[in-house]
Amino acid sequence: MQQKYHIVTYGCQMNVHESEKIAGILQEMGYVSTDQKEDADIIVFNTCCIRENAENHAFGNIGALKKLKREKPNLLIAVGGCMTQEKGKTDVLKKKFPFIDIMFGTLNLEQLGELILRKKSQKKKVIEIREKEGEIVEFTNAYRTSYPNAWVNIMYGCNNFCSYCIVPYVRGRERSRKPEHIIAEVKGLVEAGYKEITLLGQNVNSYGSDGSTGMTFAQLLDAVASIEGNFRLRFMTSHPKDFNKDVVDVMEKHRKIMRLVHLPVQSGSNTILKAMNRRYTREKYLEEIQMLKERFPEVEVTTDIIVGFPGETEEDYLQTEALVKEVDYASAFTFVYSPRQGTKAAEMENQIPEDVQKDRIMRLVELVNSLTRQKSEKYVGKTIEILCEDYDEKKDLCMGRDEFGRMVYFKSAKESIGQFVKLKITRANGISLYGERVEE
Ligand code: SAH
Ligand code: SF4
Ligand code: F3S
């Protein structure tokens, strides 16, 4: 009988895509996928450590496997991802969950196959965490699960050391893939029928800034958007300190590039931005938004915001609220600051009490939701073209998004997935839009 794998993923898009690479490795070894962890012969946890609750989540789910492992001693349990790269974390994991068989890091993910074989030949657990980033390993075998969307790494790691953030410690220094590898991968995906390509990096705007690629991000974006075929192109994440006019010029040149930019602001207060080591001001950020809106009047911007950062006063917080209103985001991911061991901010003295943090996050979520609702209402009556991305069995509706990232539900067969469809928006319900197909 064929051996089965089950992967549990936490964290960002980077991790979601890395789980596709893990799946690729397992498939090459002859494993097939299962949704049921009880049926699996190997369960892989691809962890995240960006906030404490991400870690607690993983701890809870790994712990819950104790019984299954006792009943199925041959079941392999592997833990990888950002948590294993954290200093001292493998010891914590070993102690808490002695039944883990394999631990591997983000910096040696490609070794997983070899580690599984090693584990099968020995009783002892296998722990392999590379401490320093090595040369980029080109993956050709990611097993993609999100048709018609495909994620493509253009770079790995981060050099920014925002004072709250653990990513630079667990992902190593910034390194960019060669343009020819990226272009070949995108060409292959377009030929295979993928319709939305997202270029991925922690700070895509600093692509090639070490001079190793002979191209800036704007040049790469231009080259990728010049690939023939009917597809959309997106990029994530832009850092406001490096986002620039060159990128906007390339966007203007190519209609393929979606009119949707994720530009994390984190805070609306210059004092807090400085303490966060973000290296831009509120004013510079707003200028960038202005530049985008002037070029593309309908452009949508999304963002990430942290509240309750050490030293954040009510006045600082209100500046964030004011900025949110001014930008009029399509949506925002909002987080309560979570101290991460080893980062500068965790050592700061003026940590904010939990009740104040909670109060601020509730107010901010309310504000963001009310803005999103108001925005949704404005789309009713419009006709737009969407890419059908998914089918919701429970609702018996398809879901798609337009070039501004607006999500719309509509009646259609599952077979519409991967097709561009014209819709008339008939109603808005909170942040969800509903539409009907219009004949062309
Ligand atoms: N590289 C991206 C984001 C990476 S993490 C960028 O620079 O924007 C995604 C988001 O998690 C961040 O934008 C930030 O808002 C949030 N985040 C990171 N560290 C955090 C922490 N310690 N506490 C709360 N939120 C955090
Ligand atoms: Fe973290 Fe800042 Fe790097 Fe983003 S840019 S991953 S927030 S250190
Ligand atoms: Fe992503 Fe979490 Fe790692 S947000 S980079 S998976 S710490």
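Hi everyone, let's start right at ligand 1: a polar side-chain atom of Q202 sits 2.8 Å from one of the ligand's nitrogen atoms. That is a polar contact, meaning a pair of N or O atoms within 3.5 Å. Before I go on, this is a predicted model, where local features need pLDDT of at least 70, side-chain atom pairs count only at pLDDT 80 or more, and totals for chains, interfaces and linings use all residues. Residues are numbered from 1 along each chain as its sequence is written, chains are lettered from A and ligands numbered from 1 in the order written, and side-chain values use heavy atoms, leaving out hydrogens and water.

Back to ligand 1. A nitrogen atom of ligand 1 lies 3.0 Å from a polar backbone atom of Y164, and an oxygen atom of ligand 1 is 3.1 Å from a side-chain N or O atom of R51. On its own, ligand 1 exposes 540 Å², and the protein buries 90% of that (accessible areas by the Shrake-Rupley method with a 1.4 Å probe).

Who surrounds it? Ligand 1 has 15 residues around it, the closest being Y164, Q202, Q266, D304 and S338; to count, a residue needs a heavy atom within 4 Å. At least three come from each of domain 2 (146–258) and domain 3 (291–377), with bounds from an automatic or database assignment.

Now, which residues are around ligand 2? Among them are C158, F161, Y164, Q202, H239 and R278. Notice that Y164 and Q202 appear around ligand 1 and around ligand 2. Thanks for listening!

Note on methods
A polar contact is a pair of N or O atoms within 3.5 Å; within protein, one must be able to donate a hydrogen and the other to accept it, and residues adjacent in sequence count only if both atoms are side-chain atoms.
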